[in-house]
Amino acid sequence: MGILKNGALWTDTDGAPIHAHGGYMISFEGYYYWYGEDRREDYYVSCYRSKNLSDWEFRGHVLTASSKTEAYRVRTKIRLRREDGGKVNLERPKVLYNERTKKFVMWMHFENGKDYHDAAVGIATCNTPDGAFTYHGHFNPYGFMSRDCTLFQDDDGTAYFISAARDNADLHMYRLTDDYMNVDTLVHRLWQGEYREAPAVVKIGGKYYMLSSFCTGWAPNQGKYAVADSMEGRWSRLREIGDETTYRSQPTFVLHEDGKVLYYGDRWNAEDYFASGYVVYPLHVEGDGLVMEYVEEMAFLD
């Protein structure tokens, strides 16, 4: 049995700290793959894999400042470094597998490395879950700002991209094209003026739940969620979940596998980003509400 202590900086099977903040997790051919921010050196995104959710094997720096770049049908700005040679910012990488194209498609938040005025979407792809991703550039969907973001893949393969827009005042939801390489339509502008970020979506028992945080920088705040009968249907007003600091975390993604619903979050360290830890809390439905269970540690069966 593997045990992960919440709030700690978890380590991989080699004993090295896991660098996968703001990330995402998918299940593919018997493994869980965890992607996340790696801000060291010239890295952007690293990938880990596990069979049991507790023992994580480092698989590689799948996106770096030296990654291959390639244009595609969407007009984008393709750059993985600033004009002065420094790094750009690539944050909150999310990855889905597209059954139609047999490609792994990564969406993320792009900024120029100096300020947060670009507020754009970055796209990358790979033929394998843990290989070297090719970067296809960044753009603003329909001209809108796009910051903290997530992806969600429905049961029929339809995919959605949700991101903070209008200087974080609203959350925009886009349905993606069938190859997951572009936005197809703007489905919703949600909770205008309520300043939500760090969205995460999960489907439980036929209903859709979206968690998010308020905008308070590195400091944790009261998490909230909303519920809908369909992604493109009417979403409820925001309801509180967890305590006033979401048990000292900010949402990253929700994993729904093998009957378990698990909330993953970052426990940011504002003084030292690289000392930031991770949390995983069980979620369950009570009546028409979503409940987050606080635990000091999470045990996983081998």
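**A surface leucine and a four-stranded sheet**

Hi everyone, let's start with Leu301, which sits in the segment after β22, the strand spanning 297-300. Before going on, please keep in mind that this is a predicted model.

So, is Leu301 buried or exposed? Its relative accessibility is 65%, and because exposed means over 50%, Leu301 counts as exposed. Leu301 also has company: together with Met1 and Ile3, Leu301 forms a nonpolar patch on the surface. The accessible area of these three residues together is about 360 Å².

Now let's turn to a sheet. Here 4 strands make up an open sheet, and they run in the order β10-β11-β12-β13 with antiparallel pairing. Which strands stand at the edges? They are β10, residues 149-153, and β13, residues 183-190. Each has a single partner strand, so one side of each is left without a neighbour in the sheet. From one strand to the next, the twist averages 25°. As a reminder, strands of a sheet pair through backbone hydrogen bonds, either parallel or antiparallel.

Let's look at one pair in that sheet. Strand β12, residues 170-176, pairs with β13 in the antiparallel sense, over 6 bridges. If you'd like a spot to find on your screen, take Tyr174: its bridge partner in β13 is Leu186.

And what links these two? β12 and β13 form a hairpin with 6 residues between the strands. In that hairpin, Tyr180 takes a positive phi near 65°. Thanks for listening!

Definitions and conventions. Residues are numbered from 1 along each chain as its sequence is written. This is a predicted model: local features need pLDDT of at least 70, side-chain atom pairs count only at pLDDT 80 or more; totals for chains, interfaces and linings use all residues. Side-chain values use heavy atoms; hydrogens and water are left out. Two strands pair if DSSP finds at least two bridges between them. Helices (H or I, at least four residues) and strands (E, at least two) are DSSP runs, numbered from the N terminus. Axes are lines fitted to C-alpha atoms, for helices over the stretch in contact, and angles run from 0 to 180 degrees between N-to-C directions. Patches are made of residues with over 30% relative accessible area and no salt bridge: like charges are joined within 9 Å, nonpolar side chains (Val, Leu, Ile, Met, Phe, Trp, Tyr) within 5 Å. Accessible areas come from the Shrake-Rupley method with a 1.4 Å probe; for residues, only the protein chains shown count as cover. A salt bridge is a side-chain nitrogen of Lys or Arg within 4 Å of a carboxyl oxygen of Asp or Glu. Buried means under 20% relative accessible area, exposed over 50%, partly exposed in between (1.4 Å probe, protein chains only).
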